[in-house]
Amino acid sequence: MNIHHKLTKTIVAGLAVLAVPAAAFAAPALAGSSTAPRTTPTASTASCPRGWGSLPEANSRMVQSPVTDIRTGRHACYDRLVVDLGGRAPGYDVRYVGTVHQDGSGFVVPLRGGAKLQIVVRAPSYDLNSGKATYAPRNSKELTNVAGYRTFRQLAFAGSFEGQTTIGLGVRARLPFRVFTLAGPGSNSRLVIDVAHQW
């Protein structure tokens, strides 16, 4: 009788464990950061944003707000590029191109990756009155360290000329992207470009 009772309890306990939903063992959702690279788990395709494309995105608004910083971050579904500005949000022109060229000189900007995004920020990276640079990268060929990113391969500065700034972004392949602007912090703004890890 004891053996039968113990066997029954063991079977019931086993069934109870099997009845626990798989979600109880899942890792918590990732909240990405656009301020610094981070290691992220592979996201479920179903949970990633939809509706992005690979055609050009543009807004013609020109501003005098200077570019003050360019940074990148990793997220579960995409890699993110953020351009910080000291004032109102700029217009932009973001598109896949065969070759990115430097502003003014027209020299080719070499980029690693299977595809190249040309990002034109309709704002200068210098003070319009003094001509002093407001964004001066230490290494114009490697603006941030994107080693370990799933999509980004290289980020390069292509210059600032006649009130606009150009950035070259080498990516793994011609993947979908989105572009938007954000207000803040304070009276400043940000231009954000997200490039998906997959279609």
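Colleague: Which residues line the second largest pocket?
Modeller: Keep in mind that this is a predicted model. Walking along the chain, the lining of the second largest pocket takes in Thr-68, Asp-69 and Ile-70. The rest of that lining is Tyr-135, Ala-136, Pro-137, Arg-138, Asn-139, Glu-142, Leu-143 and Thr-144.

Colleague: How many nonpolar residues are in the lining of the second largest pocket?
Modeller: Let's sort that lining by class. Three of its residues are polar and three are charged. The nonpolar ones come to five.

Colleague: How much space lies in the second largest pocket?
Modeller: Here's the idea behind it: rolling a probe the size of a water molecule over the atoms shows where empty space is left. For the second largest pocket, the space comes to about 170 Å³.

Colleague: Which residue in β7 does Val-94 stand opposite?
Modeller: Start with the strands: β4 (residues 92–97) pairs with β7 in the antiparallel sense, over six bridges. β7 itself covers residues 115–121, and six of its seven residues are buried. Across from Val-94, in β7, you'll find Ile-119.

Colleague: And what is the bridge partner of Val-121 in β9?
Modeller: β7 also pairs with β9 (residues 164–171), again antiparallel, with seven bridges. In β9, Val-121 has as its partner Thr-165.

Colleague: How many residues apart in sequence are the parts that Cys-48 and Cys-77 tie together?
Modeller: A disulfide joins these two cysteines, Cys-48 and Cys-77, with 2.2 Å from S to S. Cys-48 sits in the loop between α1 and β1, while Cys-77 is in the loop between β2 and β3, so the tied parts have a sequence separation of 29 residues.

Methods. Residues numbered from 1 in each chain as written. Predicted model: local features only at pLDDT ≥ 70, side-chain atom pairs only at ≥ 80, totals over all residues. Heavy atoms only, no water. 1 Å grid on protein atoms, 1.4 Å probe; cavity = no way out; pocket = protein on both sides within 12 Å on 5 of 7 lines; lining within 4 Å. Points joined across faces, edges and corners; volume = space filled by probe spheres on them. Nonpolar A, V, L, I, M, F, W, Y, C, P; charged D, E, K, R; others polar. Buried < 20%, exposed > 50% of the residue type's maximum accessible area, 1.4 Å probe, protein only. Helix = DSSP H or I, 4+ residues; strand = E, 2+ residues; numbered from the N terminus. Pairing = 2+ DSSP bridges. Disulfide = S-S within 2.5 Å.
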